Amino acid sequence: IDDLTPAERRVLKLIAEDHTTKEIADLLQISARTVENHRLNICQKLNLHGSHSLLRFAFDHKSYI
């Protein structure tokens, strides 16, 4: 988690709060595409694979984010 940028951390925190990509984009006033890019970068940095692995990671590590 320490390798994540502040923007990636904000996105991960909102994922942990069960927000959708569109909701995150609206809350952070960025495009949904930018949110998707952050999600991809987070997955790469945390070595996460699979469609629900990021969501599972966010829920499991909510207290650290």
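In this predicted model, Thr21, Ile24 and Ala25 of helix H2 meet Ala32, Val35, Glu36 and Arg39 of H3. Sorted by type, the residues of this contact come out as four nonpolar, one polar and two charged. The axes of H2 and H3 lie 8 Å apart and make an angle of about 110°. The two helices, H2 and H3, are therefore roughly perpendicular to each other, since angles of 65 to 115 degrees fall in that class.

What about H2 itself? The helix spans residues 21-28, and its buried residues are Thr21, Ile24 and Ala25. These cover an arc of only 100° around the axis, so they sit on the same side of H2. Turn to the other side of H2, and Lys22 and Leu27 are exposed. The cover over the buried residues of H2 includes H3 and also helix H1 (6-16). Just after H2 comes Gln29, and its phi is positive, near 55°.

Lys22 deserves a second look, as its side chain meets that of Asp26 in a salt bridge, with N to O at 3.1 Å. Lys22 and Asp26 are four residues apart in H2, which means that about one helical turn separates them. In an α-helix there are 3.6 residues a turn, so residues three or four places apart point the same way. As for accessibility, Lys22 counts as exposed because its relative value is 56%, over the 50% cut-off. Asp26, at 48%, counts as partly exposed.

Lys22 and Asp26 form one of four salt bridges in the structure. Another joins the side chains of Lys13 and Glu17, at 2.8 Å from N to O. Both partners of this pair are partly exposed: Lys13 has a relative accessibility of 43%, and Glu17 has 36%. Asp2 and Arg9 also form a salt bridge, and here the closest N and O atoms are 3.7 Å apart. In this pair Asp2 counts as exposed, with 70% relative accessibility, whereas Arg9 is partly exposed, with a relative accessible area of 29%.

Back in H3, which covers residues 32-46, there is His38. Is His38 buried or exposed? Its relative accessibility is 16%, so His38 counts as buried, the limit being under 20%. Setting aside neighbours within four places in sequence, His38 is in contact with Ala7, Glu8, Val11 and Ile30.

That leaves helix H4 (residues 53-60), the home of Phe59. Which residues does Phe59 touch, if those up to four places away in sequence are not counted? They are Ile15, Ala16 and Asp18. Phe59 and Ala16 are 43 residues apart along the chain, yet 5.1 Å is what separates their C-alpha atoms. Even with these contacts, Phe59 counts as partly exposed, at 39% relative accessibility.

Notes:
Residues numbered from 1 in each chain as written. Predicted model: local features only at pLDDT ≥ 70, side-chain atom pairs only at ≥ 80, totals over all residues. Heavy atoms only, no water. Buried < 20%, exposed > 50% of the residue type's maximum accessible area, 1.4 Å probe, protein only. Contact = heavy atoms within 4.5 Å. Arc of directions from axis to C-beta. Axes fitted to C-alpha atoms, helices over the stretch in contact; angles between N-to-C directions. Parallel < 35°, antiparallel > 145°, perpendicular 65-115°, else oblique. Nonpolar A, V, L, I, M, F, W, Y, C, P; charged D, E, K, R; others polar.
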